[in-house]
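Let's take a walk through this one together, from the overall build down to single side chains. Have the viewer open and follow along.

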Amino acid sequence: MKNNYFLVSLVLLLVFVQGTSYAQTSALVSVGTNGHLVYTADAKGNIVPDFSAVGYKNSEAPIPTIGVVLTINPVVGDNLANIQNAVNQVAAMPLDANGFRGTILFTAGTYNVSDSIIIPASGIVLRGEGFNGTGTNFIGTKTSQFTLFSFLGASGTAYVSGSSTRKAITDSYVPIGKKQITVASGHTFAVGDKVFVHRIPNDAWISLLGMNVLSTIDPAAVDWTASAYDMNSERKIVAISGTIITLDAPIMDIIDPVYSTGELVKFTDNRIQNCGIENMRISSTYASATDENHGWEAVSFDNIYNSWAKNLEVYYFGYSAVHINSHASFITVDNCKMLDAKSTIDGGRRYSFNVDGQRNLVQNCVTREGRHDYVNGSRTCGPNVFYNSSSTIQHSDIGPHHRWSTGILFDNLTGIGSMDVQNRLVMGSGHGWAGGQTMFWNCNAAKMVIQDPPGDEINWAIGCISQEITGIGDATTEPIGVVQSQGTPIAAIPSLFIAQLNDRLGALSNNLIDSENSENYLFIDPNPAKSQFTIHSKFPFDSLIKISVYSSNGQLVKNEKNVIDFSEDKLSFNFDVSDLEDGIYFAEIIDNSASKTIKFIVKK
């Protein structure tokens, strides 16, 4: 049985350390003597994958604060035309060097809006003056289902289908977690290319999962077909050695010639980017607690990447606070709330934070009266991460919902209901296996259904507090997935996402001079730092040097000027970070009228 390897590892670990101390570590992911993460592979090379390559700018830069170019005040009555005209006005402005047009500031007050506001261009940020009810309040007043704020590009991605930019993956087996693949010779891929890892399953894979016989169980269910599960995982090439290609994020679903083939395909990206919505309250009018004809989605992202929603309080919408659609990626949703949804409590409703795209991050969020609060939809490629969020008055489960979503991390989620990854069989119109390569890490739930798919795919629950973790699901009983340290969180790695992000950004920072700009003259060491690091320059520092330090969430945590003695020319000086907690930071250094932002890690 495929789980024997993991079970043996767990037993050996239990025997070695005895007692309850085993729960402070995992047999699958641990911290090595050098401070980096160590992964234990199975016999075929499958490991817990690195989920951290998600969110705005791949979590390699903080969410920026963009300058205001237009200020809007509320008007009596319907504000739709006033707001849409403001968006169109900013959309006509040129992009700056960083890809932004500017922020539209909505001053405090109430904005009644009768229909959807469309943001169709890159570089537009919508900002309010507060989200606690006394700041900027948007109210959707339409009496039918609609989206209030729609960030919507006109076009998406497309294959570059030339023979040299579309090559078969030739590895005999590509395991979960691997970042290197081998392609057929004659390629013209280059470092920096955006590519899809195109996984092409066959009928044998559909049969392996048992998804070819759903209609025999329920004539209303739709059997899966292999052609419907062709899936494209978005990646970037970071290194090339002959026919060996290194990707910026790992494989999340096995490519095995028995059940699938694969190819690497370059793509063009025509989506909009660098958009945001922040610091406001958004609510919908409604006729009753079960009203279905009112605001449905507060914020929607589609045909867009490298964008964000933060500091939003959303009330009374029927479907979602934020919906990241299938053609949206690298979106960060931070510190948002979905509260008191109004709809019937039934299917297709109350998906509070719904991710149908890939490489997205939802963190620090809260829900109340939702159903599927933190959820992935059908055929969603990973990685996607839900981190440090909670659900109260939870009416259904948290987890991938249906039809094989892969590469999802639920990290430090707390709910009063169930968290599941399971075979939903003929539920819906034939939901079947909800997902594979789904990790619940240090979560807290009343119940967890963690089912193990057939074949080498796998699901995990590690360090989770739950009275019951079972393979008995809502529709069928399956073998249980990998469960470790039930009832006691993994203390050595409190957050898998943060640990993996630290590891990845630390590796990136080993090249202290930014490889994207060889003329950059500032760099720092050591990185990671304990209490201080040294800032180096090729030229003497300017007397007006300014250093601003931001947390990984974009919060300003340190702001200093005139930090060195200018009695003599200096090419280096020490900067104190002893007052910062362990974590990822970004130092913006403005010197000689130039600016550079450098990632660094504090690890004491």
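Of the 604 residues in the protein chain, 56% count as buried, where buried means under 20% relative accessible area, exposed means over 50%, and partly exposed is in between (1.4 Å probe, protein chains only). Before going further, some bookkeeping: this is a predicted model, with local features needing pLDDT of at least 70 and side-chain atom pairs counting only at pLDDT 80 or more, while totals for chains, interfaces and linings use all residues. Residues are numbered from 1 along each chain as its sequence is written, and side-chain values use heavy atoms, with hydrogens and water left out.

The protein chain has five helices and 43 strands; these are DSSP runs numbered from the N terminus, helices being H or I with at least four residues and strands E with at least two. Now for the contacts, meaning heavy atoms within 4.5 Å. Take those between residues at least 6 apart in sequence: 70% of them join residues at least 24 apart.

One sheet to pick out is an open one of seven strands, in the order 6-9-19-21-23-26-29, with parallel pairing. Two strands pair if DSSP finds at least two bridges between them. At the edges sit strand 6 (117–119) and strand 29, each pairing on one side only. Further in, strand 21 (residues 320–324) runs parallel to strand 23 (residues 353–355), with three bridges between them, and Ile324 stands opposite Val355 of strand 23.

What about the nonpolar packing? A nonpolar core here is a set of buried Ala, Val, Leu, Ile, Met, Phe, Trp, Tyr and Cys residues joined through side-chain atoms within 4.5 Å. The largest has 63 residues, and Leu126 and Ile282 are the ones with the most contacts inside it. Leaving aside residues up to four places away in sequence, Ile282 touches a long list of partners, including Phe138, Leu148, Phe149, Val314 and Phe317. A second, separate core has 30 residues, among them Ile254, Leu361, Ile462 and Leu501.

On to charges. Side chains of opposite charge can pair when their charged atoms come close. The structure holds 20 salt bridges, each a side-chain nitrogen of Lys or Arg within 4 Å of a carboxyl oxygen of Asp or Glu. In one of them, Asp193 meets Lys266 at 3.6 Å, N to O. That pair links distant parts of the chain, 73 residues apart: Asp193 is in the loop between strand 12 (180–182) and strand 13 (194–201), and Lys266 is in strand 16 (residues 260–269). Asp193 counts as buried because its relative accessible area is 11%, whereas Lys266, at 27%, is partly exposed.

Next, look at Asp253 and Arg199, whose closest N and O atoms are 3.5 Å apart in a salt bridge. Asp253 lies in the loop between strand 15 (244–247) and strand 16, while Arg199 is in strand 13, so this pair ties together parts 54 residues apart in sequence. Both ends are buried: Asp253 has 9% relative accessibility, and Arg199 has 7%.

A third salt bridge brings Arg349 and Glu292 together at 2.6 Å, N to O. Arg349 comes from the loop between strand 22 (328–339) and strand 23, and Glu292 from the loop between strand 18 (276–284) and strand 19 (295–302), so parts 57 residues apart in sequence are tied together. Glu292 is buried, at 18% relative accessible area. Elsewhere, Lys194, Glu234, Asp269 and Arg271 are joined into one network by salt bridges that share partners.

Which buried residue has no salt bridge, with Arg424 4.4 Å away? That's Asp397, and Arg424 is its nearest side chain of opposite charge; Lys and Arg count as positive, Asp and Glu as negative, and His and the chain ends are not counted. Asp397 sits in the loop between strand 28 (390–392) and strand 29 (399–400). Its side chain does make a polar contact of 3.0 Å with that of His372; such a contact is a pair of N or O atoms within 3.5 Å, where within protein one must be able to donate a hydrogen and the other to accept it, and residues adjacent in sequence count only if both atoms are side-chain atoms. Asp397 also touches Ser418 and Asp420, among others.

Those two lead us to strand 31 (residues 418–421), which is covered on both faces: Ser418 and Asp420 are buried on one side, Met419 and Val421 on the other. Strand 31 runs parallel to strand 33 (residues 447–450), joined by four bridges, with Asp420 opposite Val449.
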